[in-house]
Amino acid sequence: MGADDKLSGVTTPDAPFLHAARREPTPYTPVWLMRQAGRYLPEYRALRERHGFLELCKHPDAAAEVTLQPVERLGVDAAILFADILLLVEPLGVGLEFTKGEGPVIRRPVRTEAQVAGLTPIDVEAAVPFVFEAARRVRAALGGRVPLIGFAGAPFTVASYVVEGGPSRDYLHTKRLMYEAPEAWSRLMAILVDATARYLNGQLAAGAQAVQLFDSWVGVLGPEDYRAFVLPHMRELFRALAPGAPVIHFGTGTAALLPLMRAAGGDVIGLDWRVDLDAGWAAAGHDRAVQGNLDPAVLLARPAYIRQRVKDVLDRAGGRPGHIFNLGHGVLQQTPVEHVQALVELVHEMSAR
Ligand code: CP3
């Protein structure tokens with residue numbers, strides 16, 4: 001089945017993405033890409049010349065437009081809402097900024113017990129109404145073509161930004177807070193669990209049909225730290241999510257953490273590229289669906305090479321129901337758009353059954 005048939009013929013309840021998330025058979029392997037809306041797309045860069053990143057996020061029409069760009073350009077099997085994992089922490093008053101080139105910066109990081117004690121719970125409904133409004137508009141504009149995925153950062157990854165003030169190599173401030181002030185760490189995580197549950201449930205109520213938790217930097221933790229400082233909070237979060245819609249649980253550098261991520265929760269476990277998909281699926285458990293896991297750097301190479309690597313990922317999935325094709329992390333900014341288009345076509349063509 002070609003991308004055109006798919007776009008015109010499939011209504012959302014029949015969407016391969018939703019079937020695969022439930023480990024039901026699909027006519028081909030559904031594919032979407034983390035960061036499919038973003039700077040590798042010329043139409044996104046054109047908008048960014050005129051508007052700041054946060055400005056785009058806060059204007060539902062703009063956010064909806066950016067969400068739809070890759071759906072139209074690539075023929076992917078799902079849309080992911082254009083937003084950011086850090087929008088939720090802006091109301092903590094930590095001074096969130098997106099600076100050119102540097103990525104996110106938090107001007108007033110939270111590193112001490114006293115600073116954690118000074119935080120107040122986040123009033124999600126008041127803080128990010130624009131995210132929910134964008135979800136409503138996207139869902140209407142999609143008209144059932146493909147499902148809409150909502151998302152949030154997982155509490156560890158979001159906490160790591162709040163504590164470090166930005167990206168970090170070693171996450172030493174975060175680990176020091178965890179080890180030296182475990183009660184303060186728990187309080188910070190509890191604030192984020194509560195806000196994240198409301199944020200995701202709000203997106204689901206506004207029309208998202210699945211949600212993904214991005215625990216992008218959790219791989220800096222060893223299994224024992226995950227067990228002690230992350231797992232109980234993740235369990236709490238999964239329990240607080242509205243039942244029904246599939247939840248994707250993604251992290252990077254997680255080869256040693258997959259059994260614990262599985263124990264934490266998620267219908268679909270997201271795999272990065274540092275693990276073979278078959279080994280990762282075995283570790284996540286065959287009673288879960290998996291998502292992944294082509295190295296995003298492969299998209300810098302020509303389609304003939306991309307084809308070989310897509311084949312490897314599909315072979316490792318072995319036609320087992322419950323595989324959603326994705327990269328092992330987000331699309332890189334340097335990626336040629338034609339290569340991304342080729343990837344989507346290759347996955348559809350090579351997995352057709
Ligand atoms: O996937 C999508 O297309 C939806 C949109 C989306 C964005 N951020 C838009 C964005 C998603 C799912 C995210 C999640 C996100 N944000 C994560 C988890 C995913 C991951 O990559 O691990 C993280 C860690 C962030 C925090 C963040 N926001 C960083 C590190 C950066 C800068 C560096 C970078 O990779 O772009 C951002 C900014 C950001 N978020 C941009 C976009 C399109 C670029 C902003 C710009 O236009 O300058």
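Which residue stands opposite Ile149 in E4? In this predicted model, the partner is Ile80. Let's start from that pair and work outwards.

## The sheet

Strands E1 and E4 run parallel to each other and are joined by 2 bridges. They belong to an open sheet of 7 strands, paired in the parallel sense and ordered E1-E4-E5-E6-E7-E8-E9. Its edges are strand E1 (79-80) and strand E9 (323-327), each of which has a pairing partner on one side only. As general background, strands of a sheet pair through backbone hydrogen bonds, either parallel or antiparallel.

Moving along the order, E4 pairs with E5 through 5 bridges, again in the parallel sense. Here Gly150 stands opposite Val211 in E5. Strand E5 (residues 210-215) is in turn joined to strand E6 (residues 247-251) by 5 bridges, and these two strands also run parallel. In that pairing, Gln212 sits opposite Ile248 in E6.

## A covered strand

Strand E4 (residues 148-153) is worth a closer look: 6 of its 6 residues are buried. In a regular strand the side chains alternate between the two faces of the sheet. For E4, one side carries Leu148, Gly150 and Ala152, the other carries Ile149, Phe151 and Gly153, and both faces are covered.

## Helix H5 and its surroundings

Helix H5 (residues 60-74) has 15 residues and reaches 22 Å from its first C-alpha to its last, close to the 21 Å expected at 1.5 Å a residue. How many of the 15 residues of H5 are buried? The count is 11, so the helix is largely enclosed by the rest of the structure. Among the buried residues are Pro60, Val66, Leu68, Gln69, Pro70 and Leu74.

The cover over these buried residues includes E1 and E4, along with helix H3 (42-50), helix H4 (53-58), helix H8 (129-142) and helix H17 (337-351). Just after H5 comes Gly75, which takes a positive phi of about 70°.

## The nonpolar core

In soluble globular proteins, nonpolar side chains tend to be buried together. In this model the largest nonpolar core has 133 residues, and Trp32, Tyr199, Tyr226 and Leu343 have the most contacts inside it. Helix H11 (residues 182-205) gives the most to this core, with 12 residues.

Take Leu343 as an example. Setting aside residues up to four places away in sequence, Leu343 touches Leu33, Leu294, Leu299, Ile306, Val310, Phe325 and Leu327.

## Ala301 in its loop

Is Ala301 buried or partly exposed? Its relative accessible area is 22%, and buried means under 20%, so Ala301 is partly exposed. This residue lies in the loop between strand E8 (289-294) and helix H16 (303-317).

Beyond its neighbours within four places in sequence, Ala301 is in contact with Ile306 and His339. Its C-alpha is 20 Å from that of Pro70, a residue 231 places away along the chain.

## Around the ligand

There are 24 residues around the ligand, and those that come nearest are Arg35, Arg39, Tyr44, Ser216 and His329. For Arg39, a polar side-chain atom lies 2.4 Å from an oxygen atom of the ligand.

Two other polar contacts are useful if you are inspecting the site. A polar backbone atom of Ala37 is 2.9 Å from an oxygen atom of the ligand. On the nitrogen side, a ligand nitrogen atom is 2.7 Å from a polar side-chain atom of Asp84.

How values were computed: Residues are numbered from 1 along each chain as its sequence is written. This is a predicted model: local features need pLDDT of at least 70, side-chain atom pairs count only at pLDDT 80 or more; totals for chains, interfaces and linings use all residues. Side-chain values use heavy atoms; hydrogens and water are left out. A nonpolar core is a set of buried Ala, Val, Leu, Ile, Met, Phe, Trp, Tyr and Cys residues joined through side-chain atoms within 4.5 Å. Buried means under 20% relative accessible area, exposed over 50%, partly exposed in between (1.4 Å probe, protein chains only). Helices (H or I, at least four residues) and strands (E, at least two) are DSSP runs, numbered from the N terminus. Contact means heavy atoms within 4.5 Å. Two strands pair if DSSP finds at least two bridges between them. The expected span of a helix is 1.5 Å times one less than its number of residues. A residue is near a molecule or strand if one of its heavy atoms lies within 4 Å of it. A polar contact is a pair of N or O atoms within 3.5 Å; within protein, one must be able to donate a hydrogen and the other to accept it, and residues adjacent in sequence count only if both atoms are side-chain atoms.
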